[in-house]
Amino acid sequence: MENTSDRSIDVRRESNDEKSLISANASEDDYINPKQDKYYQDAKNYWSTIAPTVDGMLGGFGSISFTDIRGSDQFLKNVFKLKPAPGRVQALDCGAGIGRISKNLLMSWFERVDLVEQDPQFCETAQSELSSTGKLGTVYNIGLQDFRPEEKKYDVIWSQWVLGHLTDTDIVEFFFRCTKALKKNGMMVIKENFTNADKVELDRQDSSVTRPLPMMKQLLTKGNLRVVKEQRQKDFPKDFVYGQQQYGRTS
C-alpha cells in the first residue's frame, strides 16, 4: 500500500475471459447480480478456495508485494506530513486477508491494528502470524457489507483491493460508517484498481467489479468523504491495471 501475510482482491490483468465491460452510467443491477446475497456468496466461495499465502492473496503475483508495500509506505509518509495529520495510535485494515498489509505496513506506523476479513481461514492465519507482534488488536471475521466499526476509534482506515466486492449501495453505506469510526483528523486510505475507460469491469470468477475512477469519486462523495490526496502506484508490471491511492477525510 514484506513478504508473508493479506489478501489483495485481485491485482488483475487487463484481459480475462471471465470479465466483461459495462457502461459506467448503467444501473447497478446491470452489472451486479440482482440477487445480492448470491453476489456476496459467490465471492465468499471463491476466496474459500484460495491458499492463505501472500501468493494466494495477490492472485499468484506475490512478487509485487514488496513494490506494493513500498509505494504505500511512501504514501503514508506524505499523509503524516499534512496539517492536521491523523494520529498514529489505531488503524483498521479492511479486507485484510492474512494480514499482509498489517504486518508489513500498518504495524510499522501504528501502535494497534484491527483487521476485518470475511474468510475464517484467512483470519486464523492472520491471528497466528501477527499475535507475536504485540500490535494486533481485534480480528473481525465478517464481510465489509455487514461490518459496523466502533465510532471514533481509528486514526486511519486502510482499504485495499476489496471495495470491488461491494455493491454501489453497500459501498456508500460502508463509507458512511467509516466516517463515524474515524477520530478527529482521521483519514481513510483507499488503494484500488480502476478501469482506464468509462466502463465498469465485471469479474464473474471472483464476483467483483473494477470501477472507473470518476465513479469511485462519486461514491466517496455520497459516502461523506472527499479526496484530498491521490497518487498512482509506481513500478507495477505493465500488464497490470495500476492501482490508484487516495485518502479522504470526512466532509
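I began by fixing a term for my notes: a residue is partly exposed when its relative accessible area lies between the limits of buried, under 20%, and exposed, over 50%. Lysine 38, with a relative accessibility of 41%, is therefore partly exposed. I keep in mind throughout that this is a predicted model.

**Entry: salt bridges**

I looked up the salt bridges and found eleven of them in the structure. I started from lysine 38, whose side chain meets that of aspartate 42 in a salt bridge, with N to O at 2.8 Å. Both residues belong to helix α2, residues 36-47, where they stand four residues apart, about one turn of the helix. Aspartate 42 is also partly exposed, because its relative accessible area is 28%.

I then turned to arginine 70, which forms a salt bridge with aspartate 235, and noted that the closest N and O atoms are 3.6 Å apart. This pair links distant parts of the chain, since arginine 70 is in helix α4 (residues 65-79) and aspartate 235 is in the loop between β9 and β10, 165 residues apart. For the accessibility of the two partners I wrote down 42% for arginine 70, which counts as partly exposed, and 59% for aspartate 235, which counts as exposed.

A further salt bridge joins the side chains of lysine 217 and glutamate 230, at 2.9 Å from N to O. Lysine 217 comes from helix α8 (residues 213-222) and glutamate 230 from strand β9, so the pair ties together parts that are 13 residues apart in sequence. I recorded glutamate 230 as partly exposed, at 35% relative accessibility, and lysine 217 as partly exposed, at 32%. I also noted a network of salt bridges that links Asp68, Arg100 and Lys191.

**Entry: aromatic rings**

I next went through the aromatic rings, for which the count comes to eight pairs. In the pair of tyrosine 46 and tryptophan 47 the ring centres are 5.1 Å apart and the planes stand at 85°, so the pair is edge-to-face; the cut-off I needed here is that planes over 60 degrees apart count as such. Tyrosine 46 is partly exposed, at 21% relative accessibility, whereas tryptophan 47 is buried, at 2%. Ring pairs also bring in Phe122, which is linked with Tyr46 and Trp47 into a cluster.

The pair of tryptophan 161 and phenylalanine 236 has its ring centres 6.2 Å apart and its planes at 40°, so I entered the pair as tilted. Tryptophan 161 lies in the loop between β5 (154-160) and α7 (168-181), and phenylalanine 236 in the loop between β9 (225-232) and β10 (243-250), so the pair ties together parts that are 75 residues apart in sequence. I found tryptophan 161 buried, with a relative accessible area of 0%, and phenylalanine 236 buried as well, at 4%.

One ring has a charge as its partner: the charged end of arginine 88 sits over the ring of phenylalanine 80, at 5.4 Å from the ring centre.

**Entry: backbone**

I returned to tryptophan 161 for its backbone, and saw a positive phi of about 50° although the residue is not a glycine. Asparagine 185, another residue other than glycine, has a positive phi near 70°. Asparagine 185 is found in strand β6, residues 182-193, and is partly exposed, with a relative accessible area of 28%. The peptide bond from lysine 83 to proline 84 is cis, with omega near 0°, and I placed proline 84 in the loop between α4 and β2 (90-94).

**Entry: a buried phenylalanine**

I looked up phenylalanine 175 in helix α7 and found that it counts as buried, at 0% relative accessibility. Its C-alpha lies 8.5 Å from that of leucine 219, while the two residues are 44 residues apart in sequence.

**Entry: the second largest pocket**

Which element gives the most to the lining of the second largest pocket? I found that α2 does, with five residues. The pocket has a volume of about 190 Å³, and its lining includes Gln36, Asp37, Tyr40, Gln41 and Lys44, together with others, among them Gln118, Asn141 and Asp146. By class I entered two nonpolar, six polar and three charged residues for this lining.

Key. Residues numbered from 1 in each chain as written. Predicted model: local features only at pLDDT ≥ 70, side-chain atom pairs only at ≥ 80, totals over all residues. Heavy atoms only, no water. Phe/Tyr/Trp six-rings, centres within 6.5 Å; stacked < 30°, edge-to-face > 60°. Buried < 20%, exposed > 50% of the residue type's maximum accessible area, 1.4 Å probe, protein only. Helix = DSSP H or I, 4+ residues; strand = E, 2+ residues; numbered from the N terminus. Lys NZ or Arg CZ within 6 Å of the ring centre and 35° of its normal. Salt bridge = Lys/Arg side-chain N within 4 Å of Asp/Glu carboxyl O. 1 Å grid on protein atoms, 1.4 Å probe; cavity = no way out; pocket = protein on both sides within 12 Å on 5 of 7 lines; lining within 4 Å. Points joined across faces, edges and corners; volume = space filled by probe spheres on them. Nonpolar A, V, L, I, M, F, W, Y, C, P; charged D, E, K, R; others polar.
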